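Reader: I am new to this structure. Please take me through it, one question at a time.

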Amino acid sequence: MRRLFPVTDETAAPEPGGASGGGAGREWSLDELAAAYAYPEPGPGGPAPWLRANMVSTLDGAAQHDGRSQPISSATDMRIFGTLRALADVVVVGAETVRKEGYRPARAREDFAAMREAAGQPPAPAIAVVTAGLDLDFSLPLFTSPLVPTLILTGASADPDRVAAAERAGARVVTAGDGIGVDPARAVRALADLGHTRLLTEGGPRLLGQIVAAGVLDELCLTVAPMLTAGQAQRIAGGPAVTVPHRFGLVSMLEEDGFLFTRYGRPRTAY
């Protein structure tokens, strides 16, 4: 892996025959990845919620192939995926993605145990499922055997029977909307009230579209896969368009085997 941006003395393009400078010719350690993707340090007022998204897209804009993101991912993308989870307090995901991707509880990673303990975090992040109808299989391990109880983010008008079923399965139901659906801004505040300020969303596209429209996304970690799929696959964010495009600034870019691992953040934010 090599760093393309920001440019430093260690940044180097591969030389003919595969030799390269800096960290280009080797696999980065998990500690290096954790440092590269660290959340911003708390300000004078203490920790504030920071919501980042982690998504993958092909060159022609597909966020999935055959309904799943795995076919357009890579081994390094999955290492970064695991690192981002290890840094987070909570992983926010849409119910449709839970059903399609077969989500399981986040697991404890020995490599990150000391780091999480020093940060005052439990061994693994909680999973927070955003759902209006609570149309979920509560017999799955995500609800029955997580290291940290799974959260359900839903609206105040959610079906009481489904709410009761979720609670019987061991999930914690959090109200984050006045009607049936979830207000993304209110969800961020509700999670922060529970002590979760390092927030990570893995989509899906519909949820990310709602987050973008609500203006509460602080950072996008986007893997650009060197693939073309054509077809009708969804983009990384779906739903109604925003009135004015939200401008983000490039924070960093890494490269390996043609995959680009980018970070974009709000321009007003200092890293």
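Reader: Which residue forms a salt bridge with E255?

Author: This is a predicted model: local features need pLDDT of at least 70, side-chain atom pairs count only at pLDDT 80 or more, and totals for chains, interfaces and linings use all residues. Residues are numbered from 1 along each chain as its sequence is written, and side-chain values use heavy atoms, with hydrogens and water left out. A salt bridge here is a side-chain nitrogen of Lys or Arg within 4 Å of a carboxyl oxygen of Asp or Glu. For E255, the closest N and O atoms of the pair are 3.0 Å apart, and the partner is R2.

Reader: How many residues apart are E255 and R2?

Author: E255 sits in strand β9 (residues 249-256) and R2 in strand β1 (residues 2-5). Helices (H or I, at least four residues) and strands (E, at least two) are DSSP runs, numbered from the N terminus. The pair links distant parts of the chain, and the separation is 253 residues.

Reader: Is R2 buried or exposed?

Author: Buried means under 20% relative accessible area, exposed over 50%, and partly exposed in between (1.4 Å probe, protein chains only). E255 has 15%, so E255 is buried. R2 has 18%, so R2 is also buried.

Reader: How many salt bridges does the count come to?

Author: The pair of E255 and R2 is one salt bridge. R52, E219 and R263 are linked in a network of them. The count comes to 11.

Reader: What does R79 form a salt bridge with?

Author: The closest N and O atoms of this pair are 3.8 Å apart, and the partner of R79 is E27. R79 lies in helix α2 and E27 in the loop between β1 and α1 (30-36), so the pair ties together parts that are 52 residues apart in sequence. At 57% relative accessible area, the exposed partner is E27.

Reader: Which side chain meets D89 in a salt bridge?

Author: D89 is buried, at a relative accessible area of 6%. Its partner is partly exposed, at 26%. The N to O distance is 3.2 Å, and the partner is R198.

Reader: Why should helix α2 span 18 Å?

Author: The expected span is 1.5 Å times one less than the number of residues. Helix α2 (residues 75-87) has 13 residues, so its end C-alpha atoms can be checked against that value. They are 19 Å apart, which agrees with the expected 18 Å.

Reader: Which side chain does R85 join in a polar contact?

Author: R85 lies in helix α2. At 13% relative accessibility, R85 counts as buried. A polar contact is a pair of N or O atoms within 3.5 Å; within protein, one must be able to donate a hydrogen and the other to accept it, and residues adjacent in sequence count only if both atoms are side-chain atoms. This one is 2.9 Å, to the side chain of E202.

Reader: In what sense do strands β2 and β8 pair?

Author: Two strands pair if DSSP finds at least two bridges between them. In strand β8 (residues 219-225), six of seven residues are buried. T58 stands opposite A225 in β8. Strand β2 (residues 50-58) and β8 have seven bridges, and the sense is parallel.

Reader: Which residue in β10 stands opposite T223?

Author: Six bridges join β8 to strand β10 (residues 259-265). These two strands run antiparallel. Opposite T223 stands F261.
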